[in-house]
Every structure is written in structure tokens, then in C-alpha cells.
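Visitor: Can you walk me through this one? I'd like the contacts.

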There are 2 protein chains.
Amino acid sequence: MKIKCCKTNLMAVHDTMDVLKGRWKIQIIAALCYDKMRFSELQKEIDGISAKMLSSELKELEFNHLLKRTVLQTQPITVEYELTEYGLTLKKVIETLADWGIKHRKQIVGEIADN
Amino acid sequence: MKIKCCKTNLMAVHDTMDVLKGRWKIQIIAALCYDKMRFSELQKEIDGISAKMLSSELKELEFNHLLKRTVLQTQPITVEYELTEYGLTLKKVIETLADWGIKHRKQIVGEIADN
DNA sequence: CCGCATCCCGATAGATACTG
DNA sequence: CAGTATCTATCGGGATGCGG
């Protein structure tokens with residue numbers, strides 16, 4: 001079976017990015033990859049995100065069954081977010097992206113040093 | 001050495017997405033993963049992209065040394081695009097994304113069948 | 001603390017027409 | 001064929017204020 005047909009690959013990649021589209025979703029998932037987090041913790045962790053964006057991106061991810069939202073009846077209320085089992089299948093994707101990012105940063109640093 | 005620190009991962013993922021940001025870049029790279037292509041071939045392959053977007057996204061990818069642009073002195077002129085050696089290092093990333101997309105599509109189809 | 005509603009602006013994408 | 005120019009529509013996303 002030939003998976004590596006170009007058109008097939010394009011469609012598949014498109015499907016994935018459709019779920020992960022938007023400026024913050026990938027970072028949100030990356031943040032939740034190893035631990036559940038509360039709303040305010042997420043906002044602290046993800047540099048530059050506003051409450052509005054965090055809220056709407058979380059909602060979309062929840063809609064796609066990638067994460068679970070749990071309201072804790074504390075005073076005041078707190079909300080925990082964690083990846084679902086399905087969301088965890090993205091862990092490998094995130095790790096691959098992170099690996100490349102680390103190499104890429106080294107590459108950039110090297111280029112600057114060459115000047 | 002602990003790579004799986006959350007903050008480190010977030011930064012690395014962000015670095016990668018910084019290079020791949022925009023609606024079309026990932027699909028362009030996916031299209032070029034297995035073969036060089038001409039401008040019009042790319043436009044045919046990538047569903048819905050306009051010449052303007054293709055042009056500007058290609059320019060940014062070239063700027064980041066991910067692909068190489070070759071003008072062929074045919075009549076009329078043709079231009080070939082191909083991934084650089086550095087761009088090819090993204091192949092694994094693309095494949096991981098494609099794999100997940102394929103699984104995800106099955107998942108969606110399954111959910112619809114459940115109704 | 002969490003997060004919705006509203007207003008607003010600038011960036012970006014798309015359509016269309018044009019050029020070497 | 002491989003783009004560029006221009007115009008317009010759309011959308012991301014910030015600021016602020018409110019409510020549970």
C-alpha cells in the first residue's frame with residue numbers, strides 16, 4: 001500500500017491542521033501534554049495569550065474531544081483542563097514539532113555565529 | 001537531561017510554528033516532500049490556494065532556507081521549487097502530521113457511523 | 001477565579017485584473 | 001507560465017466591562 005501519494009498526504013496534513021488551526025491550539029496542547037492545568041496556570045504558561053483567546057481556543061479543542069474541562073466547586077470556582085485519551089494521541093505530533101524546533105533554534109544560532 | 005520540561009516544549013513548538021505559520025506553508029512543504037514542482041503544478045495540487053498566496057508563502061519559505069527556487073529559461077519561462085536539504089528535515093514532521101490526520105479521519109467517520 | 005459580551009482595529013486572505 | 005497590483009471582505013485578537 002502506497003501511503004506516500006502526494007495528494008493523500010496533502011489531505012491528511014490538512015485534516016490535522018484543521019483541528020489545530022489558530023495561533024494557540026498547538027501550544028495549549030503542548031502545555032497540557034504532561035499535566036492537567038487550571039485556566040490561570042495555562043495563561044501564565046503560554047506567553048502572550050489573552051483570556052479571551054484562551055477561552056475560545058479551549059472551547060474549540062473541547063468541541064473536538066481533544067480535552068476535558070472539569071469545574072471544581074471550590075471558592076472561588078476553579079476549572080481544570082486535561083487532554084482526553086484522544087488528545088493524548090497528539091503527544092507524538094507535539095514532540096516531533098518540539099524536536100524540530102530545538103534543532104531549528106540551534107541552526108539559527110549557528111547562522112548568526114557565522115556572520 | 002530533562003527535555004520534557006513544559007516551558008521548553010512550548011518554546012520549541014512555538015519556534016517550529018513560527019517557520020510554518022500561515023494557512024498554506026505546511027501543505028506546500030507536504031506537496032514538495034517527494035518531488036520538485038512548478039508553480040502551476042503546486043497551485044493545482046493545493047486545493048483552494050490563490051496565486052497571490054502561493055507566491056508569498058513560497059517567498060517566505062525560501063527566505064527561511066526551506067526551499068530553493070530555480071528559474072528555467074524555457075519559453076515561456078518556468079520555475080521549479082524544491083525543498084532544500086534543510087527543508088527535507090521537516091519531512092518527518094509532515095509525515096507525523098499526515099499519520100495523525102489519517103487516523104483522525106477514521107475517528108470522525110466512526111463517530112458519524114455511531115449516530 | 002473563570003469566562004462571556006461588546007467594541008474596535010489592523011493584519012490577512014480572496015477576487016479580479018494586469019504584466020513580462 | 002509565473003507572478004504582481006489593487007481593492008475589499010473577513011478574521012484574529014486586544015481592551016474593557018460584567019456576572020456567576
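Guide: What follows goes through the DNA contacts, the chain contact, the helix packing and some backbone details.

Guide: This is a predicted model, in which local features need pLDDT of at least 70, side-chain atom pairs count only at pLDDT 80 or more, and totals for chains, interfaces and linings use all residues. Residues are numbered from 1 along each chain as its sequence is written, chains are lettered from A and ligands numbered from 1 in the order in which they are written, and side-chain values use heavy atoms, with hydrogens and water left out.

Visitor: Start with DNA strand C. Which residues come nearest?

Guide: A:Phe39, A:Ser55, A:Arg69, B:Arg23 and B:Lys52 come nearest, out of 16 residues around the strand. A residue is near a molecule or strand if one of its heavy atoms lies within 4 Å of it. Of the atoms of DNA strand C that come within 4 Å of the protein, sugar and phosphate account for 79%.

Visitor: Which side chains have a polar atom by a phosphate oxygen of that strand?

Guide: A:Ser55 is one of them, with a side-chain N or O atom 2.6 Å from a phosphate oxygen of DNA strand C. A:Lys59 has a polar side-chain atom 2.7 Å from a phosphate oxygen of the strand. A polar contact is a pair of N or O atoms within 3.5 Å; within protein, one must be able to donate a hydrogen and the other to accept it, and residues adjacent in sequence count only if both atoms are side-chain atoms.

Visitor: And what does the side chain of B:Lys52 sit by?

Guide: A base oxygen of DNA strand C, 2.3 Å from an N or O atom of the B:Lys52 side chain.

Visitor: Which elements supply at least two residues of that surface?

Guide: From chain A, helix 3 (39-45), helix 4 (51-63) and strand 3 (78-83); from chain B, helix 4 (51-63). Helices (H or I, at least four residues) and strands (E, at least two) are DSSP runs, numbered from the N terminus.

Visitor: How do the residues of that surface divide?

Guide: Seven are nonpolar, three polar and six charged near DNA strand C. Ala, Val, Leu, Ile, Met, Phe, Trp, Tyr, Cys and Pro count as nonpolar, Asp, Glu, Lys and Arg as charged, and the others, Gly among them, as polar.

Visitor: Now DNA strand D. How many residues surround it?

Guide: 17 residues surround DNA strand D, and the closest are A:Arg23, A:Lys52, B:Ser40, B:Arg69 and B:Tyr81. Sugar and phosphate give 71% of the strand D atoms that come within 4 Å of the protein.

Visitor: Got distances to a phosphate oxygen there?

Guide: A polar side-chain atom of B:Ser40 lies 2.6 Å from one. For an N or O atom in the B:Tyr81 side chain, the distance to a phosphate oxygen of DNA strand D is 2.5 Å. For a polar side-chain atom of A:Ser50, the value is 3.1 Å. By class, this surface has seven nonpolar, four polar and six charged residues.

Visitor: Switching topic. How many residues does the contact take from chain A and chain B?

Guide: It takes 41 residues from chain A and 41 residues from chain B, where contact means heavy atoms within 4.5 Å. About 4,100 Å² is buried between the chains, and carbon and sulfur atoms give 67% of that area. Buried area is the accessible area (1.4 Å probe) that two parts lose on being put together, summed over both. In chain A, A:Leu10, A:Tyr86 and A:Trp100 lose the most area to chain B, together 17% of what that side buries.

Visitor: At what angle do helix 6 of chain A and helix 1 of chain B cross?

Guide: Roughly 80 degrees, and the axes of helix 6 (residues 91-114) of chain A and helix 1 (residues 6-20) of chain B come within 7 Å. Axes are lines fitted to C-alpha atoms, for helices over the stretch in contact, and angles run from 0 to 180 degrees between N-to-C directions. The two helices are therefore roughly perpendicular. Angles under 35 degrees count as roughly parallel, over 145 as roughly antiparallel, 65 to 115 as roughly perpendicular and the rest as oblique. Ten nonpolar, four polar and two charged residues make up this contact.

Visitor: Where is A:Pro76?

Guide: In the loop between strand 2 (67-72) and strand 3 of chain A. The peptide bond from A:Gln75 to A:Pro76 is cis, with omega near 0 degrees. The bond from B:Gln75 to B:Pro76 is cis, with omega near 0 degrees.

Visitor: What is phi of A:His65?

Guide: Near 60 degrees, a positive value in a residue other than glycine. A:His65 sits in the loop between helix 4 and strand 2 of chain A. Most residues other than glycine have a negative phi, and most peptide bonds are trans.
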